[in-house]
Amino acid sequence: MAGPEAYDRRRHDRGWSLSRRVAVRAALAALVVLAAMLAALVLELEDVRGDLDDQSLQTQARQVLRYMTIGAGGDPVFDPPAAIAALYADPAGNEAFALLDETGAFLLGSSGVRGPLSELLPAEDSRTSADADPHGLGDLGRPFRGEAAGRPVTGTGFRVQVDGRPLILQVGQGNDHPDVLADSLIEEFLENAAWWVIGSFTVLIGVTLWTIRSALAPLRRLSASAARIGPATSGVRLGGGAEGGDLPREVAPLVAAIDGALDRLDGALETQRVFVADAAHELRTPIAALRARIEATLPRDQAARITPDFDRLSRLADQLLRLAEVDTLAVAPGDRADLAAVARDVLAELAPLAVQRGRSLALDGAERPVPVQGRAEPLARLLRNLVENALACIPEDGTVTVRLVPAPAGDAEGPELLVDDNGPGIPPDRRARIFERFWRADRRRGDGAGLGLAIVQRIADAHGAGITVEDAPEGGARFRLRFPPPGRG
């Protein structure tokens, strides 16, 4: 039967641990910061690149305008010094310009340029006021990508005044221009910087996760220590020992409060155990004395009708005393018991009872020792309760079979103890409750208090054994106990 600890373990396995939640949140936060930094870096570099492009094109436009005049015939003339003229004399050069009239008609261009570098932007997209530019150049709008003498250029257009005549000047730069090279350097830097930033944040995330995991390691050890606290180890406290030595100061008050609650709970449980044990022990003598007095004073037929009630009272007192004892049962690492010897002794003890009731007992697999980590006396009590319950349930001429299955080779699994009967069996809907204290399937029967299987469950838990109820091959019930391998319990 799965107890509260097993339920809590399953619920914990389905959910996320505190360290995992904190680590995931830290990783997500780091990724968000990384994305924000990369986005900010990209925007900043794009803005810087745009400013560099604008400054370079404006400088080029001023350079062209400095040597641009209107000739005697009204046509524009470009007469620069030799050094400047060389920049625009090569059709394959990196600088080009085109001078247009207000309608966009081509007037003059650098070597190899026979038309506008790019189509004009729509009038509504252009800024015609030269006052908007601090250098007196009215920017027509967005930069363009065009062609000059068959080669691609990047440039922009400006509304200018040449000797009082309004014109449009388009300037462009090829891919080998120093400013374009600067753009390439910026792009390369962006790519490299992005990898450096990603690598740095990856290392940062790894260090953060390791730090969080290390910081929460004492809490995990504390949780494991708390999970081991049970009826047999109720004296263990979280604040003592290695688990509580390296706890964060913020957690220390919580641990102290839990230890205080455990102290109070342990005291209450101990008081209850002592009371139950004392009450059960003290009830034995009055029950025996009352029974003897009734048998001595009442006629034999009347006493015979009352005697079963005294038997049940005596049995209840005995079971309460046993229950109080097994509640504090603890199995030490060095305790060893032989299941085969325990089974032989128990069946030899119960054989007269089985014969008296017309039932049979059988033992299988006890030819060789079956060692387990445990104590022989509690294991004998466990097996005795299972066999007695089976004898009470099977019909006349029925058989209760105890089977021992040794641990497989390699010691990967522990041995098993099976108790089979050919009685009516236990319905599946009742199997989850049969180990509850004082629970009985048929309360009209007065021959039990519902404590026998609760004692069995407690002894099995103390030995680290799992107990389940199945259908027996003969059609009755099978109780299966799976013990841990010797030395691993």
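**Exercise 1.** Work out whether Tyr 88 is buried or exposed in this predicted model.

*Solution.* Start with the cut-offs: buried is under 20% relative accessible area, exposed is over 50%, and partly exposed sits in between (1.4 Å probe, protein chains only). Tyr 88 comes out at 4% relative accessibility, so it counts as buried. Phe 97 gets the buried label too, with a relative accessible area of 1%.

A quick note on the ground rules: residues are numbered from 1 along each chain as its sequence is written. Local features need pLDDT of at least 70, side-chain atom pairs count only at pLDDT 80 or more, totals for chains, interfaces and linings use all residues, and side-chain values use heavy atoms, with hydrogens and water left out.

**Exercise 2.** Find out which rings Phe 78, Tyr 88 and Phe 97 pair with to make a cluster.

*Solution.* Rings of Phe, Tyr and Trp (its six-membered ring) pair if their centres lie within 6.5 Å; planes under 30 degrees apart are stacked, over 60 edge-to-face, the rest tilted. The whole structure holds three aromatic pairs. Take Phe 78 and Tyr 88: with centres 5.8 Å apart and planes at 90 degrees, the pair is edge-to-face. Phe 78 sits in strand β2 (residues 76–78) and Tyr 88 in helix α3 (residues 82–89), ten residues apart. Helices (H or I, at least four residues) and strands (E, at least two) are DSSP runs, numbered from the N terminus.

Next, Phe 78 and Phe 97 are also edge-to-face, at 4.9 Å centre to centre and 65 degrees between the planes. Phe 97 belongs to strand β3 (residues 95–100), so this pair ties together parts 19 residues apart in sequence. Put together, ring pairs link Phe 78, Tyr 88 and Phe 97 into a cluster.
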